[in-house]
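Me: Could you take a close look at one part of this model for me, the last strand and whatever it pairs with or touches? I'd like one connected walk-through rather than a list.

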Amino acid sequence: MKKMILFFLMGLAAVLLAACQTASAKSDTVDLTIEMSEFAYSPDTIELKVGQEVTLRVVNVGALEHELMIGREVVTTDSGAPRMFREDFFEGREPVIMASENEAEHADTNSEQGNDHDEEGNDHDQEGESEHGNTHGFMVSVPGNSQQEVTLTFTVTEDMVGEWQMGCFVDGGSHYAAGMVGKVVVTP
Ligand SMILES: [Cu+2]
């Protein structure tokens with residue numbers, strides 16, 4: 001009788017162990033930090049895998065305002081200045097933003113053509129009226145000289161597989177032109 005109970009317990013333990021392993025394999029969490037400065041992202045390349053639950057801290061260690069956008073195919077203004085990406089990494093699946101206190105207003109998302117446009121317009125006057133309607137894409141913007149940060153969480157999905165670019169389009173695209181770019185590589 002004692003033996004049977006022991007067997008039963010061992011069996012139960014095996015089942016529990018298997019369940020734990022499956023759970024940990026599924027919730028593959030990754031914590032990443034990207035530092036923004038003049039004019040670079042550090043690291044300038046991040047690698048992700050489908051299924052990962054990513055927590056991404058975006059910290060501004062520079063003196064100027066910087067932003068992080070991830071996408072493909074740079075769209076330029078009429079005058080040829082880098083403006084945004086045509087395809088957005090977060091299109092249709094907006095990440096959850098956890099801004100540290102006092103800075104929630106700086107964590108802009110302008111993928112829906114919402115109120116953010118007013119701020120946008122003021123910052124980038126030279127871009128011209130005709131382009132305003134085109135603004136899309138998920139953006140994290142962090143003020144300079146602040147050591148402030150914004151944290152995003154998102155899950156890496158199949159349709160993110162491939163190579164993407166990070167870019168900062170602050171100041172009429174001058175940051176981008178100065179080399180404030182990076183790479184996001186997503187593997188299956
Ligand atoms: Cu910048």
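**The last strand and its surroundings**

Reply: Confidence first: the protein chain has a mean pLDDT of 77, and 65% of its residues reach 70 or more (pLDDT is the predictor's confidence in each residue, from 0 to 100). Over residues 101–134 the pLDDT is below 50, and beyond near neighbours in sequence this stretch has 38 contacts in the model (a contact means that two C-beta atoms, placed from the backbone, lie within 7 Å). The model is a predicted one, where local features need pLDDT of at least 70 and side-chain atom pairs count only at pLDDT 80 or more, while totals for chains, interfaces and linings use all residues. Residues are numbered from 1 along each chain as its sequence is written.

Now the overall layout. The protein chain holds four helices and 11 strands (DSSP runs numbered from the N terminus, with helices being H or I of at least four residues and strands E of at least two). Of the 188 residues in the protein chain, 26% are buried. Here buried means 20 or more other C-beta atoms within 10 Å of the residue's own, exposed means 12 or fewer, and partly exposed is in between, with C-beta atoms placed from the backbone. Among contacts with a separation of 6 or more, 71% are between residues 24 or more positions apart.

On to your strand, β11, which covers residues 181–187. β11 pairs with β10 in the antiparallel sense over six bridges (strands pair if DSSP finds at least two bridges between them). One spot to look at is Gly167, whose bridge partner in β11 is Val181. Val181 has 18 other C-beta atoms within 10 Å, so it is partly exposed. Leaving out residues up to four places away in sequence, Val181 touches Gln165, Met166, Gly167 and Tyr176. There's also a long-range link here: the C-alpha atoms of Val181 and Phe39 are separated by 8.4 Å, though the two residues are 142 apart along the chain.

Lys183 is in β11 as well. Lys183 counts as partly exposed because it has 15 C-beta neighbours inside 10 Å. Its C-alpha atom is separated by 5.7 Å from that of Trp164, 19 residues apart along the chain. Setting aside neighbours within four places in sequence, Lys183 is in contact with Glu163, Gln165 and Met166, and also with Asp44 and Thr45.

Let's step across to β10, residues 162–167. Besides β11, β10 is joined to β5 (residues 66–76) by three bridges, and that pair runs antiparallel too. Within it, Ile70 stands opposite Met166. β5 also holds Glu73, which has a positive phi of about 65 degrees although it is not a glycine. Glu73 counts as exposed, because it has 9 C-beta neighbours inside 10 Å. A positive phi turns up again at Asp171, near 60 degrees and likewise in a residue other than glycine. Asp171 sits in the loop between β10 and α4 (174–177), and with 18 C-beta neighbours inside 10 Å, Asp171 is partly exposed.

Back to Phe39, that distant partner of Val181. Phe39 is in the loop between β1 and β2, where a hairpin joins the two strands through two residues. β1 and β2 (residues 40–42) pair in the antiparallel sense over three bridges, and Ser37 stands opposite Ala40 there. The peptide bond from Glu38 to Phe39 is cis, with omega near -15 degrees. A cis bond also runs from Ser42 to Pro43, with omega near 0 degrees, and Pro43 lies in the loop between β2 and β3 (45–49). β1 has a parallel pairing as well, with β4 over nine bridges; in β4, Leu56 is the bridge partner of Leu32.

Finally, the core. The largest nonpolar core has 31 residues, and those with the most contacts inside it are Met36, Val58 and Leu68 (such a core is a set of buried Ala, Val, Leu, Ile, Met, Phe, Trp, Tyr and Cys residues joined through C-beta atoms within 7 Å). Your strand takes part: β10 and β11 each supply at least two residues, as do β1 (28–37), β4 (52–60), β5, β6 (82–88), β8 (139–142) and β9 (149–155). Not counting residues up to four places away in sequence, Val58 touches several residues, including Ile34, Met36, Leu68, Val140 and Leu152.
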